[in-house]
Number of protein chains: 2
Amino acid sequence: MKMDARKRARCETRAVVLKALAHPTRLFMIEVLAEKSYCVCELTEMVGLDISTVSKHLSILKNAGLVHVEKKGKQVFYSLRMRCALNFLDCVEAVLREQAQDLMDAIK
Amino acid sequence: MKMDARKRARCETRAVVLKALAHPTRLFMIEVLAEKSYCVCELTEMVGLDISTVSKHLSILKNAGLVHVEKKGKQVFYSLRMRCALNFLDCVEAVLREQAQDLMDAIK
DNA sequence: TTCATATTTGGTAGAATAACCAAATATTGA
DNA sequence: TCAATATTTGGTTATTCTACCAAATATGAA
C-alpha cells in the first residue's frame with residue numbers, strides 16, 4: 001500500500017486536527033473547555049500568555065473544528081465541540097502509563 | 001483553573017505523544033502498521049521518502065511509545081503498539097465529517 | 001576478514017511554529 | 001461620536017521540524 005497523492009492528502013487533512021491538539025497550551029485549553037465555555041480573556045488569565053498568543057491558539061483549534069465559537073457582546077466564547085477529543089486524551093494517558101510500566105520493568 | 005507548572009508539565013508530556021501522531025507520513029505509517037509489522041525498507045518503499053527520513057520518523061513514534069521495535073537479522077521491524085491510536089483516528093474522521101457537513105450547511 | 005545489505009546518526013538548509021509587541025477591528029456605553 | 005474594553009491581525013525573532021545527503025554502525029554471507 002503506497003502513499004499516493006490521495007492518501008497523502010488524506011493524511012495531511014487528518015494531521016491538521018492532530019497538530020491542533022499537539023501543543024501543551026492548546027491541550028490545556030481543550031481540557032478546560034471540556035467543563036464549560038470560556039471567553040478569550042478568561043482563557044488568557046488561566047494560560048498566562050499574551051492574549052494575542054492565546055487568540056492564535058484558539059483560532060488553530062477552531063480551524064481544526066475542535067471548538068465552537070460564539071460572540072456575545074464584546075466577548076468571544078469558545079467551547080469544546082468534539083467531545084471525542086477527550087477519549088483521545090485518555091488513549092494518550094494509556095500510552096504514557098504503558099511507557100512508565102516499561103521503564104519500571106526495565107529497572108527491576 | 002490556572003496552568004501552573006505541574007499542569008504545564010503534564011500537558012507537555014501528553015503533547016509529545018500527540019506530536020508524534022501529528023505528521024502525515026507518521027499517520028500513514030501508523031495506519032499501515034495497524035495491519036501487520038513491517039521493516040524500515042518496506043515502509044520506505046511505501047512512503048517514498050529517503051530511508052533516513054523514514055528511520056527518523058519511526059524513532060519519533062518509538063520514543064512516543066506508539067510502536068514496538070523488533071530486530072530480525074539485518075532488518076528492523078516496527079509494529080503498532082497502541083491500538084487505541086486507531087480510535088483516535090476514528091475520532092479525527094468524525095471531526096472532519098462534521099466540518100464538511102458544516103460547510104454544506106453554510107452553502108445551501 | 002571482507003563485502004553487501006539494512007538501518008541509524010550527524011550535518012545542513014529551508015519551512016513551519018510560537019512567543020511577544022504594536023496596531024487594527026468590533027462592540028458597548030457615555 | 002468618543003472612549004474603553006475585547007479580540008484579532010501583522011510583523012519580527014528565536015526555536016523547532018523535516019528532508020536530503022553522507023558517513024557510521026550492525027548483521028549475515030562469502
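## Charges over rings

In this predicted model, the lysine A:K36 lies over the face of A:Y38, at 4.2 Å from the ring centre. Chain B has a case of its own: B:K72 lies over the face of B:F77, at 5.2 Å from the ring centre. B:K72 also has a place in strand pairing, since it stands opposite B:Q75 in strand β3 of chain B.

## The sheet of chain A

Chain A has an open sheet of 3 strands in the order β1-β3-β2, with antiparallel pairing. Its edge strands are β1 (38-39) and β2, each of which pairs on one side only. Strands β1 and β3 of chain A are joined in the antiparallel sense over 2 bridges. In this pairing, A:C39 has A:F77 in β3(A) as its bridge partner.

On the other side of the order, 6 bridges join β2 (residues 67-72) to β3 (residues 75-80) of chain A, and these strands run antiparallel. A:V67 has its bridge partner in β3(A), namely A:L80. The hairpin of β2(A) and β3(A) has 2 residues between the strands, and A:G73 takes a positive phi near 65 degrees there. As a general point, side chains in a regular strand alternate between the two faces of the sheet.

Helix α2 (residues 24-35) of chain A lies across β1, β2 and β3 of that chain. The helix runs at about 90 degrees to β3(A).

## The sheet of chain B

Chain B also holds an open sheet of 3 strands, in the order β1-β3-β2 and with antiparallel pairing. The edge strands here are β1 (38-39) and β2 (67-72), each pairing on one side only. Between β2(B) and β3 (residues 75-80) of chain B, the antiparallel pairing extends over 6 bridges.

A helix crosses this sheet: α2 (residues 24-35) of chain B lies across β1, β2 and β3 of chain B. Its direction is at about 90 degrees to β3(B).

## Two disulfides between the chains

How many disulfides does the structure hold over all chains? There are 2. One is formed by A:C84 and B:C91, with their sulfur atoms 2.2 Å apart. This link is right-handed, with 80 degrees about the S-S bond. A:C84 lies in helix α5 of chain A and B:C91 in helix α5 of chain B, so the pair joins two chains. B:C91 counts as buried, at 9% relative accessibility.

The other disulfide joins A:C91 to B:C84, with an S to S distance of 2.2 Å. The torsion about its S-S bond is about 80 degrees, so the disulfide of A:C91 and B:C84 is right-handed. This pair, too, joins two chains, because A:C91 lies in helix α5 of chain A and B:C84 in helix α5 of chain B. A:C91 is buried, with a relative accessible area of 8%. B:C84 is buried as well, with a relative accessible area of 18%.

## Two cysteines without a bond

Why do A:C39 and A:C41 not form a disulfide? The closest cysteine sulfur to that of A:C39 is in A:C41, and the distance of 3.0 Å is too far for a bond. A disulfide needs the sulfur atoms within 2.5 Å.

The surroundings of these cysteines can be described by their accessibility. A:C39 counts as buried because its relative accessibility is 1%, under the 20% limit for buried residues. A:C41 counts as partly exposed, at 40% relative accessibility.

## Ring stacking and an arginine contact

The structure holds 1 aromatic pair over all chains. The rings of A:F88 and B:F88 have their centres 3.8 Å apart and their planes at 15 degrees, so the pair is stacked. Planes under 30 degrees apart count as stacked. The pair crosses between chains, from helix α5 (residues 84-107) of chain A to helix α5 (residues 84-107) of chain B. Is A:F88 buried or exposed? A:F88 is buried, and B:F88 is too.

Another residue of chain A, the arginine A:R14, makes contacts with chain B. A:R14 is found in helix α1 (residues 5-21) of chain A, and counts as buried at 6% relative accessibility. The residues that A:R14 touches, not counting those up to four places away in sequence, are B:L27, B:E31, B:L89, B:V92, B:E93 and B:L96.

Definitions and conventions: Residues are numbered from 1 along each chain as its sequence is written. Chains are lettered from A and ligands numbered from 1 in the order in which they are written. This is a predicted model: local features need pLDDT of at least 70, side-chain atom pairs count only at pLDDT 80 or more; totals for chains, interfaces and linings use all residues. Side-chain values use heavy atoms; hydrogens and water are left out. Rings of Phe, Tyr and Trp (its six-membered ring) pair if their centres lie within 6.5 Å; planes under 30 degrees apart count as stacked, over 60 as edge-to-face and the rest as tilted. Helices (H or I, at least four residues) and strands (E, at least two) are DSSP runs, numbered from the N terminus. Buried means under 20% relative accessible area, exposed over 50%, partly exposed in between (1.4 Å probe, protein chains only). A charge sits over a ring if NZ of Lys or CZ of Arg is within 6 Å of the ring centre and within 35 degrees of the ring normal. Two strands pair if DSSP finds at least two bridges between them. Contact means heavy atoms within 4.5 Å. Axes are lines fitted to C-alpha atoms, for helices over the stretch in contact, and angles run from 0 to 180 degrees between N-to-C directions.
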